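Reader: I am new to this structure and should like to understand the terms used for it. Could the reasoning behind each term be set out?

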Amino acid sequence: MNFSLRRVWAILVKEFLQMRRDRLTLGMVVVVPLMQLFMFGFAINLNPKDLPAAIVINDPGPFARSIVAALQNSTYFDIIAQTNDPKQARQLLQRGKVVFVVEIPPNFSRDIVRGTRPDLLIEADATDPAAGSFALAAFNTLAASALRDDLVGPLAARAQGPPPFNTVSHLLYNPESNTQYNIVPGLLAIILTMTMVLMTCLALTRERERGTYENLIAMPATPLEIMLGKITPNIAVGAVQSAIILLLARFMFHVPMSGSLGLLGAALAIYVVANLAVGYVFSTVAQNQLQAMQMTTFFLLPAILLSGFAFPFMGMPVWARWIGEALPATHFLRIIRGILLKDNGLPEIWPDIWPLLLFTLVMGTIALLRFRRTLD
Amino acid sequence: MTNLAIDVKGLTKRFGKKVAVDHVDIAIPEGEVWGFLGPNGSGKTTTIRMLCGLLRADEGQGTCLGLDFRTQSEAIKRQVGYMTQKFSFWEDLSIRENLEFVARVYGVEAPKQKVEATLERLGLTARQDQLAGQLSGGWKQRMALAACMLHDPQLLLLDEPTAGVDPKARRDFWEEIHALSAQGLTVLVSTHYMDEAERCDRIVYILNGKLVTRGSVADVIAESGLSTFTIEGQAVRHLVQEFEGKPGVDYAGFFGAALHVSGRDRAALESTIAPYRARADLTVAEAKPSLEDVFIHLQEDAR
């Protein structure tokens, strides 16, 4: 067989014509790199600043005030709560509202003046060890230099040498800063999003592509019946995947499972359905399987990058966090890390459960509204 | 007066600026088999889809099985068997699985037994476990017919059910249609085959979305006012061009080996034909116009 450039040209022209007709693909070619550029370029921050912190002040003295002011002025910490109740602060930590709790002990100022080096306690949420490490490292220096200006006159000698207090840091929930404890449960969230959306996004698309859609809607089945019938088998797939990943997490990676597995199961069910609903919405939009796949990619990218799975959520700018809040993966990540590592119960995870329920409801409604009962 | 299974007036559908179906009236008495004819793109599929609620009509009103076809399409769906032009069953399911699925969606009582009986009736029992995707055209069509009869519909809407099916399978199919019609079922079947049109009680012919003619085959032929001559013989292949545009000739073309020359102006046609009668190598005879002559004439006329 001889080689003919004209034949190559003929095929090339045909491919171009077909490419031009597939508007969605062309759009994706432009939008996906832009999305990646924005997310990697602006949203991801491996040295998170402005981490929310609570401060427990048991001593109203001047040194305590200086430390609060120094932390507040630093770029690493954002004091969102001041209290004298350690329980309340711990609860904020438990619910993930703050990453740090700084506790200034009673008689802190007096002990500094006396030179007995009081303990300054900082508790860090180490479920995501990467998130707080820089801030934690900066804490000691920050506190010490905050007091330097106060240590004048008779106390000037305290400003020299080691800081006049002991910094005691507690890494809570993951004391060994084991990255796997963070990544493996997170992976369950990502894998479920990926497979669940992928499986349902083809639900109607496949029918449309194979020409069976006309037959399906010619029969007396309602959109809700069709949706439930198509989504439900995938719940079983999700259950199998979850079981496999959780077993491996437990026995291969030794991820602690301190919370209620029943509660985790219930949250998993909601999360799986939320993702199935997204996939189903895609399948009401996509004209062919390629488009459905592209939409899945479109959804998956932010789920991986902006949910707090790969990079610290608190490190992202506000706009990226808002996008994150709209994704089921973000909420489920908090839920599963909370249940497994923090022994969270329903009251603690509820702030992340209702967004999942709302998301599912909205997606289900969109899917039903978009479902075409005619071929118009 | 018998009841009408389909009684619609002014049926109209537009796709953008194009009028696909233009004020079509159809009234089919219960228990009759009607053929729906017309060239490709004339609006047959669109009409059928509107009747079974798969497309919304832009205009028109009427009833399908006594139900308002515009507002009660869900109720109509339950009593209509619709066979799509393109095979639209699940190719990765077996015949039996497809039928059981359909039976359940329609809420058929005792679906398994019903499927069993339908398989038996259409001679599909031996192939029930074959995947639908692996069936040949004839078997696919038979399975599709089985599927649209499962819920005992009162009306069958069949969209070119025999396209691409061999003659034997087509004959079997029509025997089944006649058997169903004998049981009181109303059938509207679109087709391009003239022999199938002749098996129908009445035919409807639409062209560019407009209903052009309807009635029994004999009526349609008589109504056309067409005269047709057949010319046979050795040299006949070269004669077609000679007739084109001659006085009285509306259409000249081959049907098998014979040249058919048709026209509505009988006198003019006779005088055009006259010289050829004398030729020894040709046999000229007057023939009853066939349905095909009539349809081609109608189609040429519209140009």
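Author: The exchange below takes up burial, backbone angles, strand pairing, a helix span, domains and the contact between chains. The model is a predicted one.

Reader: Why is A:Y173 called buried?

Author: A residue is buried if 20 or more other C-beta atoms lie within 10 Å of its own. A:Y173 has 24 other C-beta atoms within 10 Å, and therefore counts as buried. A:Y173 belongs to the loop between β5 (166–172) and α7 (179–201) of chain A.

Reader: What is phi of A:Y173?

Author: Phi of A:Y173 is near 70°, a positive value in a residue other than glycine.

Reader: Is B:A110 buried or exposed, and how do you know that?

Author: The term exposed applies where 12 or fewer other C-beta atoms lie within 10 Å. B:A110 has 10 C-beta neighbours inside 10 Å, so B:A110 is exposed. B:A110, too, is not a glycine and has a positive phi, of about 45°. The loop that holds B:A110 runs between α3 (95–105) and α4 (111–121) of chain B.

Reader: How do you know that strands β1 and β2 of chain B pair, and in which sense?

Author: Two strands pair if there are at least two bridges between them. Strand β1 (residues 4–15) and strand β2 (residues 18–29) of chain B are joined over eight bridges, in the antiparallel sense; they therefore meet the condition of at least two bridges. B:V8 has B:I26 in β2(B) as its bridge partner, and B:L4 stands opposite B:P29 in β2(B). The hairpin of β1(B) and β2(B) has two residues between the strands, and B:G16 there takes a positive phi near 65°.

Reader: What makes β2 and β5 of chain B edge strands?

Author: The open sheet has four strands in the order β2-β1-β4-β5 (chain B), with antiparallel pairing. β2 and β5 (67–68) of chain B each pair on one side only, and they are the edge strands. Strands of a sheet pair through backbone hydrogen bonds, either parallel or antiparallel.

Reader: How do you know that the span of helix α11 of chain B agrees with what is expected?

Author: The expected span is 1.5 Å times one less than the number of residues. For the twelve residues of helix α11 (residues 291–302) of chain B this gives 16 Å, and the end C-alpha atoms are 17 Å apart, which agrees. The buried residues of α11(B) are B:L291, B:D293, B:V294, B:F295, B:H297 and B:L298.

Reader: What makes up the largest nonpolar core?

Author: A nonpolar core consists of buried residues of certain nonpolar kinds, joined through C-beta atoms within 7 Å. The largest has 93 residues, and those with the most contacts inside it are A:A53, A:F100, A:V101, A:A277, A:F332 and A:I336. Helix α11 (residues 261–285) of chain A gives the largest share of this core, 13 residues. At least three residues of this core come from each of domain 1 (51–172) and domain 2 (178–370) of chain A. Apart from this core lies another, of 71 residues, including B:F36, B:F69, B:L155 and B:V187.

Reader: With which residues is A:V101 in contact, leaving aside its neighbours within four places in sequence?

Author: A:V101 is in contact with A:A53, A:A54, A:V56, A:A89, A:R90, A:L93 and A:E123.

Reader: Where do the two domains of chain A touch?

Author: The C-alpha centres of domain 1 and domain 2 of chain A lie 39 Å apart. Eleven residues of domain 1 of chain A are in contact with 13 residues of domain 2 of chain A. On the side of domain 1, β1 (51–57) and α6 (129–148) of chain A are the elements that give two or more residues. The largest share of that side, three residues, comes from α6(A). By class, the side has six nonpolar, three polar and two charged residues.

Reader: How is chain B divided into domains?

Author: Chain B has domain 1 (4–215) and domain 2 (225–302), with C-alpha centres 36 Å apart. Nine residues of domain 1 of chain B are in contact with seven residues of domain 2 of chain B. The side of domain 1 that touches domain 2 has seven nonpolar, one polar and one charged residues.

Reader: How many residues does each chain give to the contact between chain A and chain B?

Author: The contact takes 13 residues from chain A and 18 residues from chain B. Helix α9 (residues 213–218) of chain A gives the most to chain A's side, with four residues.

Definitions and conventions:
Residues are numbered from 1 along each chain as its sequence is written. Chains are lettered from A and ligands numbered from 1 in the order in which they are written. This is a predicted model: local features need pLDDT of at least 70, side-chain atom pairs count only at pLDDT 80 or more; totals for chains, interfaces and linings use all residues. Domain bounds come from an automatic or database domain assignment. Two residues are in contact if their C-beta atoms, placed from the backbone, lie within 7 Å. Ala, Val, Leu, Ile, Met, Phe, Trp, Tyr, Cys and Pro count as nonpolar, Asp, Glu, Lys and Arg as charged, and the others, Gly among them, as polar.
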